[in-house]
Every structure is written in C-alpha cells, then in structure tokens.
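Visitor: Could you walk me through this one? I'd like to go piece by piece.

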Amino acid sequence: MIHVTGVDELTDESFDTEVRGETRPVLVEFTADWCGPCRQLAPVLGAIADEERERLRVVQIDVDRNPGISTRYGVLSMPTLMVFRDGEPVKSMVGARPKRRLLQELEDVL
C-alpha cells in the first residue's frame, strides 16, 4: 500500500470500529498498490490530514488486501474517496484531484 504520513491504514477488521467510533467526519481512500492516480493523490491526502486534523480524519484501505469493505460499499474504481459521518457514507468521489479542488468538494461535509 502507498504509505502516507498522517493517514492511518485500516483493514476489514478495524474499519467499523475506527470509522463508526470517530466523532469527526472520516475521509476514506480506497486504494491499491497498482493504482497510479492513488500515488498522485497521496501527498494531497497527507497535506489535508495534517491541515484539517481538527475537523477531519483521513484513512486509507487497500482494496486488494481488504475486499470485504470494498464490496460492502460497491467500490469498483481506484481511488475512491468516501466521507463517513456517524459511521454512514455521506459523500463519494472517484479519481485523483488537486488539493484545492478536494477541499472545495469537502466543504459541505466538514
């Protein structure tokens, strides 16, 4: 998996506890080692995780090693970004994007 400083890695086993137990909204990146756009998105997610840590938790899950959660939420493309609030998905986006655009897209859920 593409490791990003400040972004926790979840598994099928830890997902529900980590996402449902969080009081802040959680941005989940569904990623894979072979995903080029995921590599492009990594520094963006790291920066957002650092800058928005008071308002947002950023995590990632490897779809190849953790197919259960990916299947549960119908994730077919990487990277897929989902925002969860109170354990439920409230927004979904597919594809890499620049930091400014991603922050604009997240405004309504922060």
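Visitor: Which residue in strand 3 does Asp-8 stand opposite?

Guide: A word on the ground rules: this is a predicted model in which local features need pLDDT of at least 70 and side-chain atom pairs count only at pLDDT 80 or more, while totals for chains, interfaces and linings use all residues. Residues are numbered from 1 along each chain as its sequence is written, and side-chain values use heavy atoms, with hydrogens and water left out. Strands (E, at least two residues) and helices (H or I, at least four) are DSSP runs numbered from the N terminus. Strand 1 and strand 3 pair in the parallel sense over 3 bridges, and there the residue opposite Asp-8 is Val-59.

Visitor: In what order do the strands of the sheet run?

Guide: Strands count as paired if DSSP finds at least two bridges between them. Strand 1 (8-10) and strand 5 (88-94) each have a single partner strand, so they stand at the edges with one side lacking a neighbour in the sheet. The sheet is open, its pairing is mixed, and its 5 strands come in the order 1-3-2-4-5.

Visitor: What angle does helix 1 make with strand 1?

Guide: Angles here run from 0 to 180 degrees between N-to-C directions, with axes as lines fitted to C-alpha atoms, for helices over the stretch in contact; contact means heavy atoms within 4.5 Å. Helix 1 packs on the sheet and touches strand 1, strand 2 (26-31), strand 3, strand 4 and strand 5. Its direction against that of strand 1 comes to about 125 degrees.

Visitor: And helix 2, at what angle does that run to strand 2?

Guide: Helix 2 spans residues 36-51 and lies across strand 2, strand 3 and strand 4. Relative to strand 2, helix 2 runs at about 160 degrees.

Visitor: Back to Asp-8: with which arginine does its side chain meet in a salt bridge?

Guide: Side chains of opposite charge can pair when their charged atoms come close. The term salt bridge is used for a side-chain nitrogen of Lys or Arg within 4 Å of a carboxyl oxygen of Asp or Glu. This pair links strand 1 to strand 3, across 49 residues of sequence. At 2.8 Å, N to O, the partner of Asp-8 is Arg-57.

Visitor: Is Arg-57 buried or exposed?

Guide: The cut-offs are under 20% relative accessible area for buried, over 50% for exposed, and partly exposed in between (1.4 Å probe, protein chains only). Asp-8, at 38%, counts as partly exposed. Arg-57 has 12% relative accessibility, so the verdict is buried.

Visitor: Which residues share one salt-bridge network with Arg-57?

Guide: Arg-57 also forms a salt bridge with Glu-22, the closest N and O atoms being 3.8 Å apart. Glu-22 sits in the loop between helix 1 and strand 2 while Arg-57 is in strand 3, so this pair ties together parts that are 35 residues apart in sequence. Glu-22 counts as buried at 14% relative accessibility. Through shared partners, Arg-57 is joined with Asp-8, Glu-18, Glu-22 and Arg-24.

Visitor: Now the aromatics: which residues do ring pairs link into a cluster?

Guide: Rings of Phe, Tyr and Trp (its six-membered ring) pair if their centres lie within 6.5 Å; planes under 30 degrees apart are stacked, over 60 edge-to-face, the rest tilted. Phe-15 and Tyr-73 make a tilted pair, 5.9 Å centre to centre with 50 degrees between the planes. Phe-15 and Phe-84 make an edge-to-face one at 5.5 Å and 80 degrees. The cluster is Phe-15, Tyr-73 and Phe-84.

Visitor: Which residue's backbone nitrogen lies 3.0 Å from a polar atom of the Asn-66 side chain?

Guide: Asn-66 lies in the loop between strand 3 and helix 3, and it counts as buried because its relative accessibility is 8%. Beyond residues up to four places away in sequence, Asn-66 touches Leu-10, Thr-11, Asp-12 and Ile-61. The backbone nitrogen in question belongs to Asp-12.

Visitor: Any backbone oddities? Which residue is joined to Pro-79 by a cis peptide bond?

Guide: Most residues other than glycine have a negative phi, and most peptide bonds are trans. Asp-86, in the loop between strand 4 and strand 5, has a positive phi of about 55 degrees although it is not a glycine. Pro-79 is in the loop between helix 3 and strand 4. With omega about -5 degrees, its cis partner is Met-78.

Note on methods
Polar contact = N/O pair within 3.5 Å; in protein donor to acceptor, adjacent residues only side chain to side chain.
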